[in-house]
Each structure stands twice: as structure tokens, then as C-alpha cells.
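Colleague: Please pick a single part of this predicted model and go through it closely. I would like one connected account that I can follow with the structure open.

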Amino acid sequence: MSIAADGPFGADVCPARPTPPTATPNLITMLLKPGGLSNLIASFPAFWYKARHCEFQVGFTRNGRGVLVNDPEAIKRVLVSEAEHFPKEENQLAVLKPLLGNGLLTADGKVWRRNRKLAAPVFQHSSIKDFAPLFTRAAERSVSLSLQGEGPVSIDREMTRLTLQIIGEAVLDADLDDGTENISDAVTRTLDKFPMIFLATAFLPGQVRDRVVERIVSPTRRQLEPYARRIVAQADRQGSETSLIARLMGAAKRDDGEGLSAAQVRDEVATFLLAGHETTATTLSWAWYLLTLHPEWQERLHDEVRDVAGDRPLTAADVPSLVLTRAVVDETLRLYPVVANLMRRSDREVQLLDDLTIPAGTTVLISPWLIHRHERYWRDPHRFDPMRFLGEEAAARPRHCYLPFGGGPRICIGAGFAIMEAVLILATYMQKARVRVLNADRVMPQARIVLRPNTSLEALVTPRLSVG
Ligand code: HEM
């Protein structure tokens with residue numbers, strides 16, 4: 001059943017989530033359950049939404065002990081103050097490294113420290129605000145495209161196309177855009193095979209696992225090689241620093257006189273394409289879903305953008321005034337954090353809380369999905385209410401119970417970029433249109449690499465009269 005013209009939804013409706021089981025998950029029950037491995041959040045039992053920490057079993061080995069850390073103070077210690085003793089989990093890295101090499105997401109130790117230091121200025125606010133005209137221009141083109149069609153639009157696909165275009169232009173030089181789509185398609189298609197790769201990591205010994213992963217990802221990596229070489233050659237020729245990657249190359253050159261090799265450029269291009277497009281696209285898709293459930297919020301956002309900018313194109317300077325739009329983005333990332341689970345592995349024994357000691361070699365699960373819905377820290381946690389991000393209620397909340405971008409030294413370097421992009425896209429749409437997802441009543445979140453809706457979102461995009 002699709003939803004009626006005015007929508008059967010209202011203030012009372014609760015956004016979709018899987019019904020939690022009563023028992024703690026283990027690999028056997030997850031394998032037996034249809035779709036169990038491809039939707040981790042569906043295996044989280046009801047008591048995990050109240051717990052501070054819990055043990056679970058990972059895989060079949062004797063060392064396969066896992067601990068869910070679900071307390072803001074303990075999370076802070078894992079991600080921030082004791083971060084050096086909680087490196088990224090080995091299986092996760094084994095899966096991603098063959099594709100992303102020593103890109104920022106997967107590098108560790110000295111290589112990561114240097115790359116992060118070089119990339120930090122590239123992602124500072126003063127730097128990313130240069131991309132605001134690109135965000136607004138691409139969003140305006142997207143909304144007019146969506147308004148042109150006769151029938152419903154697959155709004156999730158449109159968000160993917162839009163953010164792909166943006167990341168293609170922002171990461172790479174604009175006149176290299178031929179082929180961006182193919183590259184990104186290849187990266188995304190490889191990602192879709194990851195549930196299979198995860199299975200391989202659970203059952204296979206290290207060397208066999210690595211061979212399986214290598215076979216799956218090597219065609220994509222080969223496709224990236226000539227592209228990376230062209231980017232290096234072009235940046236050397238032009239010496240311009242318009243794109244993120246050219247800025248990074250410039251920073252590296254100033255650092256040691258040599259700059260980045262073609263292999264390093266390839267790794268960072270793949271990393272930025274992978275980390276920087278599906279994440280924002282999916283967040284925007286969830287926003288359209290939530291705004292369909294709560295059409296009254298579309299009116300509030302429309303009023304806000306009209307007050308701030310009337311009919312003119314939005315700019316970076318408008319973003320701080322788009323307070324409600326930002327609160328909707330924050331609330332969307334709370335209810336549907338696209339990176340729903342973070343994994344770490346302790347390299348020595350660490351006492352996290354009075355009643356929680358983590359032995360060396362333990363897999364630690366920190367789940368934004370769970371802590372964002374923890375009954376102790378969130379009022380009415382499963383409801384959509386952007387107001388919780390404004391005023392005193394927001395100020396009173398412990399910091400590490402909200403972590404859509406992770407935390408500590410490995411916090412998402414693109415967070416500022418993503419927030420500005422999402423706010424400007426959402427506000428540009430709300431300035432000109434109404435969006436209604438027709439199949440909202442059939443949507444369910446599914447946690448693979450990113451937390452996506454289980455179905456394409458078919459939406460009606462209808463025009464608003466211009467302010468005049
Ligand atoms: C709504 C959008 C986004 C979300 C929710 C998101 C979320 C995250 C999270 C949770 C992490 C930490 C993973 C961990 O600790 O294991 C991360 C890391 C990262 N993200 Fe994002 N991200 C988003 C957008 C972006 C964008 C737009 C870019 C680049 C243009 C980007 C680039 C990266 C990179 C390079 C890392 C690795 C940082 C490091 O380890 O030093 N992300 N992201």
C-alpha cells in the first residue's frame with residue numbers, strides 16, 4: 001500500500017526500525033536467519049538499547065570475544081583518550097585495504113599520521129566553504145531535473161547522482177570529469193560485494209581470505225590506476241589547487257618537496273570517492289523519508305530558507321542561519337547513522353569502567369545505531385524530533401552519545417564538508433519543492449557497509465510557488 005495524497009503520517013508516527021530479538025546474537029543464529037549477516041542492526045537484542053556494555057561471541061575461534069561498549073564515557077576512552085590501544089579491527093582493514101591501500105580511511109601508524117596532517121587544512125572550514133557554490137549549483141540542477149519529470153523520481157538514485165557529481169568535481173579537477181562516473185560506479189559495485197567478503201573473513205584463514213578479497217577488488221583498483229596517473233600529470237602541468245586532491249598534492253609537495261606518488265593519489269581518490277559520496281547521498285535519502293513522515297517539518301524548513309535567502313541561490317554564509325535545516329540533518333544522522341557500527345580491537349588490557357576491563361585482543365563494537373537510541377540519553381529515542389538538537393536539551397547531553405562521524409583522532413575528516421553539502425542541498429530543495437516518498441510505509445533500514453533503506457525511494461517532487 002502506498003501512502004495517500006496528504007499522507008497517513010503525523011506527529012505520532014515512528015520511523016522504521018527492525019523489531020529487536022530477545023537473545024544476544026552469535027554467528028550461528030545470524031547465519032541461520034534469512035538476511036542475518038546482511039543486516040547487523042536487526043540482530044541487536046532489545047536489552048542492548050539500555051545496556052552500558054555486553055559481551056558477545058565473534059566467529060568460531062577461542063579468541064573470538066567481542067564487547068559492545070555502549071556508555072559515553074567508555075566510548076570516549078576507546079575512541080579518544082585510549083585510542084592508541086584500540087586500532088581499527090583487523091578484518092575490517094583486511095577487507096578495505098586491497099581497494100583503498102594507504103588512503104586515509106585504512107592507513108595506520110606513521111603513514112596515517114602524515115596523511116592526516118597533510119589533509120587536515122584541506123578539510124578546514126575556510127577551505128571547504130569554497131565548495132559551497134558547487135553544492136548549491138548542483139542542488140539547483142537536481143531539483144529542476146526532479147521537477148521536470150512527469151511521474152515519481154527515484155529520489156535515492158537522484159541523491160547518489162547528485163553527490164557523485166559533487167564529489168567528482170570537488171575531489172578531482174573539473175576538466176577530468178569524463179570517466180568519474182565509471183570509476184565511482186566500479187567502487188560502489190565493489191562495495192556491494194562486501195557482505196560476501198565479510199563472510200569470507202569470518203570463515204577463512206588469513207591468507208586464503210586475502211586472496212579472495214584481492215580477486216574481488218583488483219579489477220577496480222586496476223581501473224583507478226590510469227586515472228590517478230592522469231591526475232598527477234595534470235596537477236604537475238597546471239599547478240592549480242582547485243580540487244581536494246590537487247590541494248592535498250600541493251600540501252605534500254610543500255611538506256617534503258616530493259609530493260604524492262601516483263599510487264598514493266590512487267588510494268586517496270578511491271578513499272574520497274568511497275567515503276565521500278554514498279554516505280551523504282544515503283543521509284539525504286533518509287532525510288526525505290523522515291520529512292515524508294513529518295510533512296510539517298517541510299513547511300518549517302521552507303519558511304526558514306525563505307526568511308534567510310528568499311529566492312536567491314544559497315551561499316556558505318547562509319549555513320549558520322539555517323538552524324532548523326541543520327537540526328533535521330543532525331536528527332537524520334541520529335536515527336539513521338550511515339556508519340552504523342564502528343569496530344576496534346584492543347592491543348592490550350584496558351580498564352574502561354569500574355566494572356569493565358577489556359582484555360588484549362578483544363573486538364570492540366561501538367554502535368552509533370544503538371547509542372543514538374539509548375534510553376538513558378535520549379528522550380523518546382525512536383521518534384523524529386529535530387528540536388532535541390537545539391537549546392538546553394542539546395547542551396545537557398554527554399558528548400559521546402552522538403557520533404555519526406565517529407570520534408577521536410580517526411573522526412571523519414569530511415564531516416564539515418558533508419554537513420555543509422547536506423544542509424545546502426536540503427535547503428535548496430525546500431526552497432523550491434515539496435518531496436513525498438510514495439513507498440515510505442515499506443521502508444526498513446538495512447546495515448551493510450552503510451545503513452541504507454532496503455528499497456529504492458519513489459518520490460513525488462512538486463513545485464512551490466516562487467516567493468516573488
Ligand atoms: C554524512 C556523511 C558522512 C558520514 C556519516 C561519515 C562517517 C564517517 C565515520 C563514522 C568515520 C570514522 C570511521 C571509523 O572510525 O572507523 C569516517 C571516516 C572518514 N571519512 Fe567520513 N563520513 C561522511 C562523509 C565524508 C566525506 C564527504 C568525506 C570526504 C570528502 C569523508 C571522508 C572520510 C575519511 C577520509 C575518513 C577516514 C579518516 C581517518 O581515519 O583519518 N567522509 N567517516
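Modeller: The account below starts with helix α17 and what lies around it, and then turns to a sheet and a loop elsewhere in the chain.

For orientation, the model is predicted, and its protein chain has 17 helices and eleven strands. Of the 468 residues, 43% count as buried. Among the contacts with a separation of 6 or more, 74% are between residues 24 or more positions apart.

Helix α17 covers residues 415-432, and its axis comes within 9 Å of the axis of helix α6, residues 132-148. The two axes cross at roughly 40°, and the crossing is right-handed. On the α6 side, the contact is made by Ala132, Phe135, Thr136, Ala139, Glu140 and Val143. On the α17 side, the residues are Met420, Glu421, Leu424, Ile425, Thr428, Tyr429 and Lys432. Sorted by type, the residues of this contact are eight nonpolar, two polar and three charged.

Met420 also takes part in another set of contacts, those of Ile128. Ile128 belongs to helix α5, residues 125-128. Leaving aside neighbours within four places in sequence, Ile128 is in contact with Phe123, Gly416, Phe417 and Met420. Its C-alpha atom is 9.7 Å from that of Ala418, although the two residues are 290 residues apart along the chain. Is Ile128 buried or exposed? There are 21 other C-beta atoms within 10 Å of Ile128, and 20 or more is the mark for a buried residue, so Ile128 is buried.

Helix α17 has a part in the ligand site as well. Both α17 and α12 (262-293) supply at least two residues each to the shell around the ligand. The largest share comes from α12, with seven residues. In total 23 residues surround the ligand, and the closest are Gly276, Thr279, Gly406, Cys412 and Gly414. By type, this shell divides into 13 nonpolar, seven polar and three charged residues.

Turning to the strands, four of them form an open sheet with mixed pairing, in the order β1-β2-β7-β4. The edges are β1 (53-57) and β4 (342-345); each has a single partner strand, so one side of each is left without a neighbour in the sheet. Direction ignored, neighbouring strands here are turned by 25° against each other on average. The pairing of β1 with β2 is antiparallel and runs over five bridges; Cys54 has Leu68 of β2 as its bridge partner. On the other hand, β2 (residues 65-69) and β7 (residues 363-366) pair in the parallel sense, over three bridges. Within that parallel pair, Gly66 is bridged to Thr363 of β7, and Val67 stands opposite Val364 of β7.

One last residue deserves a look while the structure is open. Asp380 is placed in the loop between α15 (368-371) and α16 (391-395). Its phi is near 45°, a positive value in a residue other than glycine. Which side of the burial scale does Asp380 fall on, buried or exposed? Asp380 has 10 other C-beta atoms within 10 Å, and a residue with 12 or fewer counts as exposed, so Asp380 is exposed.

Terms used. Residues numbered from 1 in each chain as written. Predicted model: local features only at pLDDT ≥ 70, side-chain atom pairs only at ≥ 80, totals over all residues. Axes fitted to C-alpha atoms, helices over the stretch in contact; angles between N-to-C directions. Helix = DSSP H or I, 4+ residues; strand = E, 2+ residues; numbered from the N terminus. Left-handed = near helix turned anticlockwise from the far one by under 90°. Contact = placed C-beta atoms within 7 Å. Nonpolar A, V, L, I, M, F, W, Y, C, P; charged D, E, K, R; others polar. Pairing = 2+ DSSP bridges. Near = placed C-beta within 6 Å.
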